[in-house]
Amino acid sequence: MTQRYDVVVAGGGPSGAAAAWQAARTGAKVLVLDKAEFPRDKPCGDGLTARAVSYLQKMGLAKEVAAFHRVNRVTVFSPSQWELSFPKRPGMPDHGYVAPRPVLDTLLLEHAGAAGAEVRQSCEVAGPEVDSAGRVVGVVLKSGEKVLGDAVIAADGAYSPIKRALQIDSEYNGYSAIAIRAEMAANKPDSDSLDIYLNLAFRGDQLPGYAWVFPFGGGRINIGLGYVNSYKNWQQINATQFLGDFMRTLPPEWGLPAIDELKKDRLVRAWRLPMGFTAWPPWRPGVLFTGDSLGAGKPASGAGISKALESGLAAGECAVAALTNSGPDDFTNYAQRMEAAWGKEYRRGRYFHKLAGIPAVANNGIKLIDNAFFRDRMLKALYKKEQGPQHRVSR
Ligand SMILES: Cc1cc2nc3c(=O)[nH]c(=O)nc-3n(C[C@H](O)[C@H](O)[C@H](O)COP(=O)(O)OP(=O)(O)OC[C@H]3O[C@@H](n4cnc5c(N)ncnc54)[C@H](O)[C@@H]3O)c2cc1C
């Protein structure tokens, strides 16, 4: 039997759960489909920026998010060591958290369910159902079942099968990063800092990327690294080996496991991180793209959870508004919302993405960032409109 919904959301990660929660709250009949059974993991640094925290608070999850491990600052190694506080923005928290994705994502999906969305797990979407006019009118499941929806929200992640099936061509295609991470115990006190290591070199070239050590609390940490694909030799990098090399530069007293051990136990995972709007415009008749399937990741930093939440909430709201007023052929309201939110920033970010991939630029850039005088001025210029992060040299 073919079922029919107002909104069908393919993918129940942060962007899909946020979209479903938002649409269901307006009274729409919403279905979320995810191929995984939750709690499921997603390769991630698990870092929640202050902005991500603010979206979770807006969704009514302030108490739940406060239970994660809180971080109050960022420590940067460039290679000299300096600190940044989170920027102070009106109505926003001045701190972040480190949240294990299996826990965070299950919380979000259950929250969408509590708002009235029907959730079906272990249910893989094979592709979109398209009518003779080329409009997406639902999805086809791997089982062969069809599920019809007036609007489909493609929140199916970095490898989005819906986007692939529709052969979405965007002028911003191809902007992405590759990132890898592992979770482990460490013999070090739990810190309240997101530690970022900028000095990553491959065959003498400074890479456009960074490594991180994020604390979960309870003696566990997330270690990872990522680099963008504008660097011409990025495909020659063996990410697992590279992560192992980085881990060997960390203090031996932390007692970290060898990378081969983590690999053997399947604790190291790499994933793609599309960024800078790889599906633009972010909709086609009948379908809206959110989170990683939209390429919503921030081009410079790769922070994706806040962008997944923001685009998901906007897509849920814009889909229902369009269906109520003009129908599923035109979701320009969503494109306008995304353009207003990030258009200018992402144009700059895509430019930066390309520039940072040129080794001579990256090699000189890292030297400048390592210089306290230049860094101070750069941060002031970047945050001139708001009370930006306070920064101090700690060593
Ligand atoms: C190594 C790494 C580290 C990162 N670290 C950070 C960080 O510290 N902070 C941060 O903000 N961002 C980080 N990011 C980015 C962040 O993880 C993503 O941007 C974010 O997960 C995007 O959310 P999403 O909901 O769009 O996609 P996802 O979280 O990938 O969710 C997509 C969902 O779709 C489901 N799905 C996929 N295919 C199908 C199908 N065919 N049928 C049904 N369901 C399907 C999946 O099971 C999944 O649940 C990192 C990324 C990587 C790769």
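This report describes the domains, ligand shell, helix packing and some backbone features of a predicted model.

**Domains**

The domain assignment divides the protein into two domains, and each is built from separate stretches of the chain. Domain 1 comprises residues 3–46, 100–173 and 275–353, while domain 2 comprises residues 70–99, 176–273 and 361–395. Taken over C-alpha atoms, the centres of domain 1 and domain 2 are 28 Å apart. Domain 1 gives 14 residues to the contact between them, and domain 2 gives 19 residues. On the side of domain 1 that touches domain 2, there are 8 nonpolar, 5 polar and 1 charged residues.

**The shell around the ligand**

Which domains supply the shell around the ligand? Domain 1 and domain 2 each contribute at least three residues to this shell. In total, 39 residues surround the ligand. The closest are the glycines Gly11, Gly13, Gly45, Gly291 and Gly304. Sorted by class, the shell holds 17 nonpolar, 14 polar and 8 charged residues.

Several helices and strands take part in the shell. At least two residues come from each of the helices α1 (14–25), α8 (291–294) and α9 (305–325). The strands β12 (176–185) and β18 (268–274) each supply at least two residues as well.

**Helix packing**

Two of the helices that contribute to the shell, α1 and α9, also appear in the helix pairs below. The table gives the geometry of each pair.

| Helix pair | Angle between axes | Axis separation | Handedness of crossing |
|---|---|---|---|
| α1 and α4 (residues 101–114) | about 20 degrees | 8 Å | left-handed |
| α9 and α10 (residues 332–356) | roughly 150 degrees | within 9 Å | right-handed |
| α2 (residues 50–58) and α9 | about 35 degrees | 8 Å | left-handed |

How are α1 and α4 oriented to each other? Their axes pack at an angle of about 20 degrees, and angles under 35 degrees count as roughly parallel; α1 and α4 are therefore roughly parallel to each other. On the α1 side, the contact is made by Pro14, Ala17, Ala18, Ala20, Trp21 and Ala24. On the α4 side, Asp105, Leu108, Leu109, His111 and Ala112 take part. The contact of α1 with α4 has 9 nonpolar residues, together with 1 polar and 1 charged.

The pair α9 and α10 has another orientation. Its axes cross at roughly 150 degrees, and angles over 145 degrees count as roughly antiparallel; α9 and α10 are therefore roughly antiparallel to each other. From α9, the residues Glu310, Ser311, Ala314, Ala315, Cys318, Ala321 and Ala322 meet α10. Their partners in α10 are Asn333, Tyr334, Arg337, Met338 and Ala341. By class, the contact of α9 with α10 consists of 8 nonpolar, 2 polar and 2 charged residues.

Helix α9 also packs against α2, at an angle of about 35 degrees. Here α2 provides Arg51, Ala52 and Tyr55, and α9 provides Ile305, Ser306, Leu309, Glu310 and Leu313. This contact of α2 with α9 contains 5 nonpolar, 1 polar and 2 charged residues. Glu310 of α9 thus takes part in the contact with α10 and in the contact with α2.

**Backbone features in loops**

Where does a cis peptide bond join a residue to Pro39? The bond in question links Phe38 and Pro39, with omega about 0 degrees. Pro39 is located in the loop between β2 (30–33) and β3 (47–48). Asp46 also lies in the loop between β2 and β3. Its phi is near 65 degrees, a positive value in a residue other than glycine.

Another cis peptide bond runs from Ser78 to Pro79, with omega near 5 degrees. Pro79 is found in the loop between β5 (73–77) and β6 (81–85).

Key: Residues numbered from 1 in each chain as written. Predicted model: local features only at pLDDT ≥ 70, side-chain atom pairs only at ≥ 80, totals over all residues. Near = placed C-beta within 6 Å. Helix = DSSP H or I, 4+ residues; strand = E, 2+ residues; numbered from the N terminus. Nonpolar A, V, L, I, M, F, W, Y, C, P; charged D, E, K, R; others polar. Domains from an automatic or database assignment. Axes fitted to C-alpha atoms, helices over the stretch in contact; angles between N-to-C directions. Parallel < 35°, antiparallel > 145°, perpendicular 65-115°, else oblique. Left-handed = near helix turned anticlockwise from the far one by under 90°. Contact = placed C-beta atoms within 7 Å.
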